[in-house]
Amino acid sequence: MPLTVAEFVHRWKINSQTERATAQSQFRDLCELLGEKNPTESDPTGERYAFEKRVSKTRGGTGFADVWLRGHFAWEYKAKGKHKDLKKAYEQLNDYREDLGNPPLLVVCDFERFEVHTNFTDTKKRVYAFNLDDLNRNQVTATDRKSTRLN
């Protein structure tokens with residue numbers, strides 16, 4: 001039986017482990033909740049959908065995007081505890097995005113809060129921000145953060 005929204009929310013509200021220990025677990029749970037295959041199930045080679053996708057940074061050096069799906073999104077977790085600075089995660093994704101094919105969605109998460117940053121050609125950026133409690137309420141949470149620049 002698939003994971004329910006309430007089970008997902010409960011599981012991740014009580015979690016206090018580090019990013020390294022739980023990022024892939026939360027993403028797998030999210031895939032289960034949505035009825036989607038996770039990167040390992042969908043693409044065993046990691047050529048188009050992967051955890052820990054190795055990338056070249058625009059400022060030099062290499063890094064790893066936590067989750068990446070070619071042509072769709074890049075996802076970066078930040079948490080050595082909840083409520084870490086998601087601005088830093090977004091900056092990190094910006095440093096990776098060119099090597100990832102400039103995906104249209106850049107997602108950052110601290111296990112409790114989620115921000116989906118649009119990155120569509122010829123459009124203004126929008127940010128859709130929500131948290132675990134918002135998932136339980138099943139409400140639209142779109143926000144336009146024109147005045148809040150993250151760079």
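**Reasoning from values to words**

Modeller: The side chain of R70 reaches the backbone oxygen of E47 at 2.7 Å, and this, like everything that follows, is read from a predicted model.

Colleague: What makes the approach of the R70 side chain to the backbone oxygen of E47 a polar contact?

Modeller: The cut-off for a pair of N or O atoms is 3.5 Å, and the distance here is 2.7 Å, so the pair falls within 3.5 Å and is called a polar contact. Leaving aside neighbours within four places in sequence, R70 is in contact with E47 and R48.

Colleague: Why is R70 called partly exposed?

Modeller: The relative accessible area of R70 is 48%; buried would need a value under 20% and exposed a value over 50%, so R70 belongs to the class in between. R70 sits in the loop between β2 and β3, and its C-alpha is 9.7 Å from that of P104, although the two are 34 residues apart in sequence.

Colleague: Why is K78 called buried?

Modeller: K78 has a relative accessible area of 16%, and because the limit for buried is under 20%, K78 meets it. K78 is found in the loop between β3 and α4, and its side chain is joined to that of Q92 by a polar contact of 2.7 Å.

Colleague: How do you know that F8, V9 and W12 are on the same side of α1?

Modeller: F8, V9 and W12 are buried residues of α1, the helix of residues 5–14. They cover an arc of only 95 degrees around the axis, and therefore they lie on the same side of α1. H10 and I14, on the other side of α1, are exposed. The cover over the buried residues of α1 includes α2, β5 and α5.

Colleague: How do you know that the length of α2 agrees with its 16 residues?

Modeller: At 1.5 Å a residue, the 16 residues of α2 should span 22 Å, and the end C-alpha atoms are 22 Å apart, so the two values agree. Among the buried residues of α2 are F27, L30 and C31, and just after this helix G35 takes a positive phi of about 70 degrees.

Colleague: Why are C31 and C109 both called buried?

Modeller: The relative accessible area is 5% for C31 and 0% for C109, and since buried means under 20%, both cysteines are given that word. The structure holds zero disulfides, so no pair of cysteine sulfur atoms lies within 2.5 Å.

Colleague: What makes β1 and β2 a pair of strands?

Modeller: Pairing needs at least two bridges, and seven bridges join β1, residues 49–56, to β2, residues 62–69, so these strands pair. They run antiparallel, with F51 standing opposite V67 in β2. Their hairpin has five residues between the strands, and in it G60 takes a positive phi near 100 degrees.

Colleague: What is the order of the elements in the protein from the N terminus on?

Modeller: The order is α-α-α-β-β-β-α-β-β-β-α-β, from five helices and seven strands. Buried residues make up 41% of the 151 residues. Of the contacts between residues at least 6 apart in sequence, 43% join residues at least 24 apart.

Technical notes:
Residues are numbered from 1 along each chain as its sequence is written. This is a predicted model: local features need pLDDT of at least 70, side-chain atom pairs count only at pLDDT 80 or more; totals for chains, interfaces and linings use all residues. Side-chain values use heavy atoms; hydrogens and water are left out. Helices (H or I, at least four residues) and strands (E, at least two) are DSSP runs, numbered from the N terminus. Buried means under 20% relative accessible area, exposed over 50%, partly exposed in between (1.4 Å probe, protein chains only). A polar contact is a pair of N or O atoms within 3.5 Å; within protein, one must be able to donate a hydrogen and the other to accept it, and residues adjacent in sequence count only if both atoms are side-chain atoms. The arc is that of the directions from the helix axis to the C-beta atoms. Contact means heavy atoms within 4.5 Å. The expected span of a helix is 1.5 Å times one less than its number of residues.
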